[in-house]
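Hi everyone, thanks for coming. Please have the sequence and the model open while I talk, and stop me whenever you like.

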Amino acid sequence: MLVFMLGVMLPAAALIVANVKHLRTIQREKAIEAVFQVEYQEVLAIAEKRIDARAYEITEEARAKFPDAHQGDELEAFLAAHPDIAHTFLWTGKGHLESQSQPDRMSDPQFVEEGKKFSSMMGPWLDLDSSDWIAKLKKSEATEGRHVYLTNLWATRGDKMQYQSLVFFMPRGSTAEHPALAGFVYDTDYLSNKFFPQALNEVLPNQNKNDTSHPQPVIMVRTAKEHTPLAASICWDGGTPEVERSFDGVFPGLILGIKLHGTTIANISNHFVRTAFLILGALSLLMGGGMLLAYRNVARELALAKLKSDFVSNVSHELRTPLALIRLYAETLEMGRIANPVKRQEYYEIIRKESERLTSLINNILDFSRIESGKKEYSFRETDVADLVRSTLESYRFEIEQNGFQFEEKIDKDLPQVWVDREAIARSLLNLVNNAVKYSATEKYLGVHLYRHNGGVNLEVVDHGIGIPEKEQPKIFEKFYRVCDPLVHNTKGSGLGLSLVRHIVQAHGGEVAVESEPGHGSKFIITLPVQTSAVQQAKGMSA
């Protein structure tokens, strides 16, 4: 048991405690949330790169179709071919700016006013900073191979500030002697309704609003000035992003945000920790149950080993008593000390009866061995049960008288013939009588009653001995079991007698019961059915 405790229970308990502490640390330090946030930052970084690449792709395609530096009158045709562009401009030198707004939207007064403000702003700006923009474009072309430069532009539309994307590039025909700058504007409507939704759904493809089997990440884009999304992926369900990242280059002033559809990182973390605790708890219960079963098995084996040791000791004592008597009387007869023929005959009878008692003890052990191995067989035949009981008690009468018992025998007349194994039933009766003799230390009374009852035959063995507590009565027919009473353990016994009685009686189709009260004796009742030979022979075949 000590090895079991040290080798299995302590390491297992230590492992469970370590896991619990580790989960507590994860819960306290929000380690799972931190892992999600790092992963989501990486997702947002990838999303930003893909959005930037898409923006450069679109603007490069539009730049390639932009008129030459000396074709300012083609701006309206360029806009007509690119309805997504709100405004465009061509600067060919100080004071030379041509600007045009999307002709399809000129019916909107706000848009017309926005175009005028755009034109009035761009002229002075480019006259002042054109060299800086040209330098930025040349640097971008040299380092990144890009011909366009994107930045942000804020326009007032109604009572709100609208985010716009402004694109700069040098048109065809621009030279060092006669530099030119051109560009165009993607306004908020295009960015929020078309460009960003398409780009975000390319970053997170195959999203399904109806799929609730697992949490889906969703992305949104907002301006730094507002928390309302400018655009979002298909499954965005509102709320606040859990991780955000500002655009670094192409869309300055915009912020990417990510969260989980229908849940939060905190909920997932709590679910993970709860699940881990539940699994640990279940494993602990399983391990505890396994340890309890192992402990009970080990304890049962230890108890069984002790019972077997006691059995060997008790059987040795049981065998020694009749052997000692046989030896004593045999030596007395051998030395010729008994001259009286009557006395000599009495000694012979004692030797015979003790040898029969010895045989009975040995047969008990052999029967138990056969029962344990499943090889026990019975020989049923029609028997006068009254004659069987009388002859059996007669063989034990010397033991009863020697112990000073008041013996009462009641056997009804006209009892039916019963199909039984004579030797087995005799052994059952002797086991019950032997118990009555051994456990009646003070009031020595033994009664054996045989009578007809409810279509069967009852055999009762009654004593006025120490009795059996009620809670112990269901256990006394188990092998090796002995009642937990000092008076019982002070009396030698094998613990097999009642177990054999139950097996024998059940093999005959009968029942054995006990009625007892501590200090008032016990009554054991064997009920044997009256059956036909065919039935009993069938039982004998299966016993």
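I'll go from the whole chain to the cores, then to the sheets, and finish with a few single residues.

A word on the ground rules. This is a predicted model, so please keep in mind that local features need pLDDT of at least 70 and side-chain atom pairs count only at pLDDT 80 or more, while totals for chains, interfaces and linings use all residues. Residues are numbered from 1 along each chain as its sequence is written, and side-chain values use heavy atoms, with hydrogens and water left out.

Let's begin with the overall picture. The chain has twelve helices and 16 strands; these are DSSP runs numbered from the N terminus, with H or I and at least four residues for a helix, and E and at least two for a strand. Of its 543 residues, 43% count as buried. Buried here means under 20% relative accessible area, exposed means over 50%, and partly exposed is in between, using a 1.4 Å probe and protein chains only. About 29100 Å² of the chain is exposed, and carbon and sulfur atoms supply 54% of that. Those areas come from the Shrake-Rupley method with a 1.4 Å probe, and for residues only the protein chains shown count as cover. As for contacts, meaning heavy atoms within 4.5 Å, take those with a separation of 6 or more: residues 24 or more positions apart account for 65% of them.

Now the inside. In soluble globular proteins, nonpolar side chains tend to be buried together. By nonpolar core I mean a set of buried Ala, Val, Leu, Ile, Met, Phe, Trp, Tyr and Cys residues joined through side-chain atoms within 4.5 Å. The largest one has 50 residues, and those with the most contacts inside it include Ile51, Tyr186, Phe195 and Phe251. Helix 2, residues 31–64, gives the most to this core, with ten residues. Apart from it lies another core, of 43 residues, among them Ala424, Leu446, Ile504 and Val514. Going back to Tyr186, what does it touch? Leaving out residues up to four places away in sequence, its contacts include Ile58, Ala62, Ile85, Val167 and Leu191.

On to the sheets. Strands of a sheet pair through backbone hydrogen bonds, either parallel or antiparallel. I call two strands paired if DSSP finds at least two bridges between them. One open sheet has four strands in the order 7-6-9-8, with antiparallel pairing. Its edges are strand 7 (231–232) and strand 8 (243–246), each pairing on one side only. Strand 6 (residues 217–223) and strand 9 (residues 254–260) run antiparallel, joined by seven bridges, and threonine 223 has leucine 254 in strand 9 as its bridge partner.

Strand 14, residues 456–463, deserves a stop too. How many of its residues are buried? Eight of eight. Both faces are covered, with Gly456, Asn458, Glu460 and Val462 on one side and Val457, Leu459, Val461 and Asp463 on the other. Strand 14 is joined antiparallel by eight bridges to strand 13 (residues 445–453), where tyrosine 451 stands opposite asparagine 458. Another eight bridges join strand 14 to strand 16 (residues 522–529), again antiparallel, and here valine 457 stands opposite leucine 528.

The hairpin of strand 13 and strand 14 has two residues between the strands. Asparagine 454, in that loop, has a positive phi of about 50° although it is not a glycine, and is exposed at 74% relative accessible area. Aspartate 414 also has a positive phi, near 55°. Aspartate 414 lies in the loop between strand 11 (406–411) and strand 12 (418–420) and is exposed, with a relative accessible area of 76%.

One last residue: is arginine 357 buried or exposed? Arginine 357 sits in helix 7 (residues 341–373) and counts as buried because its relative accessible area is 15%. Not counting residues up to four places away in sequence, arginine 357 touches Thr321 and Glu399. Its C-alpha atom is 9.1 Å from that of leucine 319, although the two are 38 residues apart along the chain.

That's my tour, and I'm happy to take questions.
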